[in-house]
Amino acid sequence: MNRIRVLLVDDQALVRSGFAVMLSVEDDIEVVGQAGNGREAVEFAASRDVDVVLMDVQMPELDGIEATEQIVTAGRGKVVILTTFERDDYLFDALRAGASGFLLKNADPDELVGAVHAVAEGHALLAPEMTVRVIEKLTEHRQQDQAPAARGLELLERLTEREREVLQHMARGLSNAEIARTLFLSETTVKTHVSNLLGKIQTRDRVQAVVFAYESGLVRAGE
């Protein structure tokens with residue numbers, strides 16, 4: 001059995017130890033390391049095989065956003081940002097840095113284990129409607145002042161009309177099953193469209209695809 005290798009990153013030892021205890025009872029998950037700041041996390045991920053990184057944001061030496069970007073860019077693991085309900089000002093920056101989703105620090109064991117499995121399998125961590133709510137909040141003011149980047153428009157041109165429709169519905173929070181019902185397609189066909197469009201716009205997962213949809217101007221906050 002292939003075990004999911006997890007790196008825990010938080011400047012609070014109590015948080016790291018708590019997550020380590022919750023994950024240690026799972027036969028298919030192994031906590032391979034812990035780090036107290038972003039620089040330690042980057043160095044560890046560069047020297048060991050890591051599948052999933054649970055990453056705090058505010059840490060000394062190197063914050064979680066920069067550490068996430070370095071780890072994801074180097075292909076050294078998928079990153080889940082550790083967050084709280086009170087702090088959402090940095091979430092969009094985390095998504096742009098390559099984070100695959102978010103996990104509340106007060107998550108219960110089942111949520112933690114489910115999050116690790118979901119991200120390891122390539123899925124977005126947040127429920128679609130929560131992802132959209134966060135992105136809408138954090139991009140609304142940006143879109144008032146910034147035109148879509150040329151690169152985003154170029155990638156958008158690669159999509160077929162149907163793929164654009166699917167991406168629009170993804171960005172509005174619909175699941176594959178809901179998209180299938182809306183467009184009168186089979187769920188298998190929708191999954192194929194999703195896979196194809198992810199490759200064309202060069203994104204890793206649905207979360208990054210939603211970010212792309214907003215940044216390229218395909219979907220705008222409040223629509």
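Here are some worked exercises on the predicted model shown above.

**Exercise 1. Warm-up on the whole protein**

Work out what secondary structure the protein has, and what share of the residues is buried.

*Solution.*
- Start with the elements: the protein has eleven helices and five strands.
- Next, burial: of its 223 residues, 48% are buried.
- Then the surface: the accessible area comes to about 11000 Å², and carbon and sulfur atoms own 48% of that.
- Finally, the contacts: take those with a separation of 6 or more, and 67% of them link residues 24 or more positions apart.

**Exercise 2. Asp 56 and its surroundings**

Find where Asp 56 sits, decide whether it is buried or exposed, and say which side chain it has a polar contact with.

*Solution.*
- Locate it: Asp 56 belongs to the loop that runs between strand 3 (52-55) and helix 3 (64-73).
- Check the area: Asp 56 has a relative accessible area of 7%, and the cut-off for buried is under 20%, so Asp 56 is buried.
- Look for a polar partner: the side chains of Asp 56 and Lys 105 make a polar contact of 3.2 Å.
- List the rest of the company: beyond its neighbours within four places in sequence, Asp 56 contacts Val 9, Asp 10, Asp 11, Gly 64, Leu 82 and Lys 105.

**Exercise 3. Asp 10, one of those contacts**

Place Asp 10 in the chain, classify its burial, and find which backbone nitrogen lies 2.8 Å from a polar atom of its side chain.

*Solution.*
- Position: Asp 10 is in the loop between strand 1 (4-9) and helix 1 (13-24).
- Burial: the relative accessibility of Asp 10 is 1%, which makes it buried.
- The nitrogen: the one you want is the backbone nitrogen of Gln 12, 2.8 Å from a polar atom of the Asp 10 side chain.
- Contacts: leaving out residues up to four places away in sequence, Asp 10 touches several residues, among them Asp 56, Met 59, Leu 82 and Lys 105.

**Exercise 4. Met 59 and a pair of C-alpha distances**

Describe the setting of Met 59, then give the C-alpha distances for Met 59 to Arg 39 and for Ala 46 to Ile 71.

*Solution.*
- Met 59 is placed in the loop between strand 3 and helix 3.
- With a relative accessibility of 10%, Met 59 counts as buried.
- Setting aside residues up to four places away, Met 59 touches Val 9, Asp 10, Asp 11, Gly 36, Asn 37, Gly 38 and Gly 64.
- For the first distance, Met 59 and Arg 39 are 20 residues apart in sequence, and their C-alpha atoms are 9.4 Å apart.
- For the second, Ala 46 and Ile 71 are 25 residues apart in sequence, with 7.9 Å between C-alpha atoms.
- As for its setting, Ala 46 lies in helix 2 (residues 38-47), and its relative accessible area of 53% makes it exposed.

**Exercise 5. Two helices in contact**

Give the packing geometry of helix 9 and helix 10, and say which residues make the contact.

*Solution.*
- Geometry: helix 9 (residues 176-183) and helix 10 (residues 187-200) pack with their axes 8 Å apart and at an angle of about 110°.
- Label it: angles of 65 to 115 degrees count as roughly perpendicular, so that is the term for helix 9 against helix 10.
- Residues: helix 9 brings Asn 176, Ala 177, Ile 179 and Ala 180, while helix 10 brings Glu 187, Val 190, Lys 191 and Val 194.
- Sort them: the contact residues split into five nonpolar, one polar and two charged.
- Check the connection: the loop between helix 9 and helix 10 holds Phe 184, a non-glycine residue with a positive phi of about 60°.
- Phe 184 is exposed, at 75% relative accessibility.

**Exercise 6. On to helix 11**

Explain why helix 11 is described as largely enclosed, and look at what comes before and after it.

*Solution.*
- Before it: Gln 202 lies in the loop between helix 10 and helix 11; its phi is near 60°, positive although Gln 202 is not a glycine.
- Gln 202 is partly exposed, at a relative accessible area of 49%.
- The helix: eight of the ten residues of helix 11 (residues 206-215) are buried, so the rest of the structure largely encloses it.
- The names: Val 207, Gln 208, Ala 209, Val 210, Val 211, Phe 212, Ala 213 and Tyr 214 are the buried ones.
- After it: Gly 217, just past helix 11, has a positive phi of about 85°.

Note on methods
Residues are numbered from 1 along each chain as its sequence is written. This is a predicted model: local features need pLDDT of at least 70, side-chain atom pairs count only at pLDDT 80 or more; totals for chains, interfaces and linings use all residues. Side-chain values use heavy atoms; hydrogens and water are left out. Helices (H or I, at least four residues) and strands (E, at least two) are DSSP runs, numbered from the N terminus. Buried means under 20% relative accessible area, exposed over 50%, partly exposed in between (1.4 Å probe, protein chains only). A polar contact is a pair of N or O atoms within 3.5 Å; within protein, one must be able to donate a hydrogen and the other to accept it, and residues adjacent in sequence count only if both atoms are side-chain atoms. Contact means heavy atoms within 4.5 Å. Accessible areas come from the Shrake-Rupley method with a 1.4 Å probe; for residues, only the protein chains shown count as cover. Axes are lines fitted to C-alpha atoms, for helices over the stretch in contact, and angles run from 0 to 180 degrees between N-to-C directions. Angles under 35 degrees count as roughly parallel, over 145 as roughly antiparallel, 65 to 115 as roughly perpendicular and the rest as oblique. Ala, Val, Leu, Ile, Met, Phe, Trp, Tyr, Cys and Pro count as nonpolar, Asp, Glu, Lys and Arg as charged, and the others, Gly among them, as polar.
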